[in-house]
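Hi everyone, thanks for coming. I'd like to walk you through one protein chain today, so please have a look at the picture with me.

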Amino acid sequence: MSHGIALKPAKSARSEALKGTIRIPGDKSISHRSFMFGGLASGETRITGLLEGEDVINTGKAMRAMGARIEKVGAEWIIQGTGNGALLAPEAPLDFGNAGTGCRLTMGLVGVYDFASTFIGDASLSKRPMGRVLNPLREMGVQVSSTEGDRLPVTLHGPKTPNPITYRVPMASAQVKSAVLLAGLNTPGITTVIEPVMTRDHTEKMLQGFGADLTVETDAEGVRTIRLVGRGQLKGQVIDVPGDPSSTAFPLVAAILTPGSDVTILNVLMNPTRTGLILTLQEMGADIEVQNARLAGGEDVADLRVRYSELKGVTVPADRAPSMIDEYPVLAVAAAYASGTTTMLGLEELRVKESDRLSAVAEGLKLNGVDCDEGKETLVVRGRPGGKGYGNAQGKSVVTHLDHRIAMSFLVLGLASEHPVTVDDASIIATSFPEFMDLMTGLGAKIDAVEGEGA
Ligand SMILES: O=C(O)C1=C[C@@H](OP(=O)(O)O)[C@@H](O)[C@H](O)C1
Ligand SMILES: C=C(OP(=O)(O)O)C(=O)O
């Protein structure tokens, strides 16, 4: 799926109170991995609650192209996997659309096989750095042919026998950690990943669930050493994917910013590597009640009741970034309505997402009259409670740069701003949260597609 040809703008306008109870679709990270590990494992995997966003569907297509049988029966996805080590050579390039996770993890998964696989994506993914995954794969003996700067298209060809490596992940990235571990699945011996800063741990937990011989040791400084014994058997599993905390962020912040709101969001994944935004919003004074906290399929899950709140600015420490890395755009929007200054530190990884999110957020905030400063790896927002004067300047739209989180964040900004906010492309939201418009308007948000605009 390619984006950027027919842009579909959308407009949000100051809304009455948001009210109601919603269930957020499945977590994107867990959904990608469910298709990948189910497609690889021996026997049957059954998945409910899968996120059917474009990113995840592209991962499913890639797994099918490598021999997995995947079908949807009623509400369930049923997969017959190939067995570990038995993926087939894809006959055509694997197109990951907009998805860094699908692309980078699959590079690890299949890149070490002794055949060629080619990876392509949309204009956004084609700009993103792949060297972070290609470098460890090169160390394992993979032949890499890539476009300048290690961008897509990339073709990989694994060696007869890959080398097990010990790899210290140089940046806080669950995608890099996961790519190396997945390469280790088809490598003899022990592949070791050292993770100085903990990132989301879905790969480790799910591989253990599928029967991989994987251990994690954490030292006194919090440095994690993950060891995976290669070429073991993986067995199909039954998975119920919990709701995505990154998608939850949008109705959550929308309810906090819109006077009179009272919204309950059901079945949200509360894995501590994903809850940095909730903690930060609570520090800012947000009224978020965690209800029915429970364990489901080995993950913490809860319902969240959130009410309109007056926020105050805070400093968000750099070490919290991995647990809320995709939530900074919408946190910046919340900060725009807080009294005082919010300072966000340690944001270097935001520059290599679907867009340079640090610049895209700062540009969008300024276009809407929000006072902010973009630093090399920081963002400072000086908020204005009530949002007086906020809204698109001179009829211009927020430029979303093929980035779903930029599109959703600025539509949320418009729900509490004095003037409406238009974004240039709402179609990109379907990559991660196809139900966004319906769920938000169902709560009472004023968001519409804009007819007759766009390229
Ligand atoms: O492993 C994953 O599922 C993800 C890891 C993060 O990327 P990085 O590893 O690049 O930080 C995150 O931004 C992305 O949305 C999903
Ligand atoms: C960064 C994201 O995803 P990916 O890297 O998979 O494109 C995201 O969903 O915000």
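Let's begin at alanine 179, which is found in helix H5. Keep in mind that this is a predicted model. Is alanine 179 buried or exposed? It has 30 C-beta neighbours inside 10 Å, and 20 or more is what we ask for, so alanine 179 counts as buried.

Who are its partners? Setting aside residues within four places in sequence, alanine 179 is in contact with Arg104, Leu105, Met107, Gly108 and Val133. Take methionine 107 as an example: it sits 72 residues away from alanine 179 along the chain, yet the two C-alpha atoms are separated by 6.8 Å.

Methionine 107 brings us to helix H3, which runs over residues 100–111. How far should its 12 residues span? At 1.5 Å a residue we expect 16 Å, and the end C-alpha atoms are 15 Å apart, which agrees. Helix H3 is also mostly covered, with 12 of its 12 residues buried. Among those buried residues are Gly100, Thr101, Arg104 and Leu105. Please remember those four names.

Now back to helix H5, residues 174–185, where we also find glutamine 175. Which residues does glutamine 175 touch, beyond its neighbours within four places in sequence? The answer is Gly100, Thr101, Arg104 and Leu105. Glutamine 175 has 24 other C-beta atoms within 10 Å, so it is buried.

Here the database record comes in. An unreviewed UniProt entry lists Lys28, Gly100, Arg128, Gln175, Arg357 and Arg405 under "binding site". So far we have met Gly100, in contact with glutamine 175.

Let's look at another name from that record, arginine 405. This residue lies in helix H11, residues 404–414. Arginine 405 counts as buried, because 28 C-beta neighbours fall inside 10 Å. Away from its neighbours within four places in sequence, arginine 405 is in contact with Asp326 and Pro329.

Asp326 has a label of its own: the unreviewed UniProt entry gives it the annotation "active site". Where does aspartate 326 sit? Its place is in the loop between strand S18 (315–316) and helix H9 (328–336). Aspartate 326 counts as buried too, since 22 C-beta neighbours are inside 10 Å. Not counting residues up to four places away in sequence, aspartate 326 touches Ser246 as well as Arg405.

Time to zoom out. The domain assignment splits the protein chain into domain 1, made of 10–26 + 242–449, and domain 2, which is 28–240. How far apart are the C-alpha centres of domain 1 and domain 2? They lie 29 Å apart. Across the boundary, 26 residues of domain 1 are in contact with 29 residues of domain 2. On the domain 1 side, the touching residues divide into 11 nonpolar, 10 polar and five charged.

Finally, the whole chain. How many helices and strands does it have? The secondary structure comes to 12 helices and 23 strands. The radius of gyration is 21 Å, close to the 23 Å from the globule rule for 455 residues, so the chain is as compact as a globular protein of that length. Its C-alpha atoms fill a box of roughly 65 × 45 × 45 Å along the principal axes. Of the 455 residues, 55% count as buried. And among contacts between residues at least 6 apart in sequence, 77% join residues at least 24 apart. Alanine 179 and methionine 107, 72 residues apart along the chain, were where we started.

Thanks for listening!

Note on methods
Residues numbered from 1 in each chain as written. Chains lettered and ligands numbered in written order. Predicted model: local features only at pLDDT ≥ 70, side-chain atom pairs only at ≥ 80, totals over all residues. UniProt positions renumbered as here; feature names shortened; annotations may be inferred. Helix = DSSP H or I, 4+ residues; strand = E, 2+ residues; numbered from the N terminus. Contact = placed C-beta atoms within 7 Å. Domains from an automatic or database assignment. Nonpolar A, V, L, I, M, F, W, Y, C, P; charged D, E, K, R; others polar. Rg over C-alpha atoms; globule rule 2.2 N^0.38 Å. Expected span 1.5 Å × (residues − 1).
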